[in-house]
Amino acid sequence: MKEANFLKENNARHVWHPMAHTADSLANPPDIIVGGDGVEITDVDGNRVVDAVGGLWNVNLGYSCEPVKRAISDQLDKLPYYSIFRGTTNDAVIELSTMLRDFFEPDGLSRAFFTSGGSDSVEVALRLARQYHKIRGESGRIKFLSLKKGYHGTHTLGASVNGNANFRTAYEPLMPGCYHIPAPYTYRNPFNETDPQKLAQLCLSALEDEIRFQDPSTIAAFIMEPVLGAGGVIPPHESFMPGVREICSKHGILLVSDEVITAFGRTGSWTGARHWGVQPDLLCCAKAITNGYFPFGAVMVAEGVAEVFEKDETGKGSIGSGYTYSGHPVGAAAAIACLHETERLNVKDNAAARGKQLHEGLRKLFMKHELIGDVRGGHGLMCALELVADRATKAPIDKATIGKVHRTAYDNGTMVRVSGNNIILSPPLVLTEGHVDTILNALDAGLAAAG
Ligand code: PMP
């Protein structure tokens, strides 16, 4: 490894960081991570901390998942690359597709379209949604609806359905025909409604209203995260997603469940849609499908949608989407091993138990620290603290103060993620009770230092 100063200087000179201002990256240089094992990471200065971010919500099995590493290395020896574009396929992808069919069977999803990551999965799902309607002769169904605060990656369709201005404004004009409805975000919403169930009903009414306004026959799909993730971990009331399902079905609109974060156990269920008792028409996954060790993703397709493509006689059903790396055999081999481990360790149950412990601990911190405006979580290992300068006005905390929470937590052994005025926690699903204590103690120290 190059020495620390070389890495720091050249990072500043040559690396542009995603989701960051270049000037900010220079003023606040990033931690250079050089090692990872278990649920801990090590930086170039030798600090070792619990990774409460879990990579980017993707390293569900931690950094020492030997079967996945071995599968990658074995596949590299056997067949390091071959495409699955028309005319060829590979054995790893076929084996994976049968495993995914079994895994997603309770969600009613039986076909897989492979991608290289989450943004790709969203893009493909939305493209397939439009195509589905075209094959069926409803070519006017081209619009998409989504939630404000939603995050769906940064490709153009995904950015167009994103509900956060930070990922949109600089890149406008985005795709026309994308409309957003209020999110079931109890802490802040345009209805000033604090009751989660009533808020869910108001948001569902807003959805119905928008559908009527747009004309249902012009809408292809509604896309949502079962628990809003990057927008600040916003779990809806349990009535929300079933309500969305009902409305979509009534109007012939496809429901796309964006489970790039929630699939594979993070909410304490195997999928977010299952958590709410809903079967989507299309489901986007990526991230934990390979434990973050290889860029890979999939769109899972429901039987009814698949049949429209498979029985197409119009000639409109040829799938004009695909990537050089769709169905990459190394990614597929990683995913096969990862699914085996995910199920063998039954990580969803640990996510539920440790998620409960973490959420309860965060609620105790709320009693102690005025900086915390809202504590969110309670559905597996996705939690957030929304920090405010003043609880009465809910004015968001400034960047420097939340930066201090982050830095002090790090100095106390835990990496947390700052997103706007939220501290986001999405640790590996294999963490122990002791790790949760470490995270809570580090946050306690961070909040005390900043408060
Ligand atoms: N959808 C959701 C819900 C996500 O959280 C993300 C990434 N955080 C994406 C899509 C985009 O995935 P990727 O970063 O792998 O392109």
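In helix α5, the residues Ala92, Val93, Glu95, Leu96, Met99 and Phe103 meet Pro329, Ala332, Ala333, Ala335, Ile336 and Leu339 of helix α12, where two residues are in contact if their C-beta atoms, placed from the backbone, lie within 7 Å. This contact divides into eleven nonpolar residues, no polar residue and one charged residue; Ala, Val, Leu, Ile, Met, Phe, Trp, Tyr, Cys and Pro count as nonpolar, Asp, Glu, Lys and Arg as charged, and the others, Gly among them, as polar. Helices (H or I, at least four residues) and strands (E, at least two) are DSSP runs, numbered from the N terminus.

The model is predicted, and local features need pLDDT of at least 70, side-chain atom pairs count only at pLDDT 80 or more, while totals for chains, interfaces and linings use all residues. Residues are numbered from 1 along each chain as its sequence is written.

The chain is divided into domain 1 (31–61 + 346–450) and domain 2 (67–344), with bounds from an automatic or database domain assignment. Their contact takes 29 residues from domain 1 and 26 residues from domain 2, and α13 (347–368) is among the elements on the domain 1 side, giving the largest share there, five residues.

The ligand is surrounded by 14 residues, the closest being Gly117, Gly118, Ser119, Gly153 and Val260, where near means that the C-beta atom, placed from the backbone, lies within 6 Å. Helix α6 (residues 118–135) gives the most to this shell, with three residues.

The table compares two groups by class.

| Group | Nonpolar | Polar | Charged |
|---|---|---|---|
| Shell around the ligand | six residues | six residues | two residues |
| Side of domain 1 that touches domain 2 | twelve residues | twelve residues | five residues |
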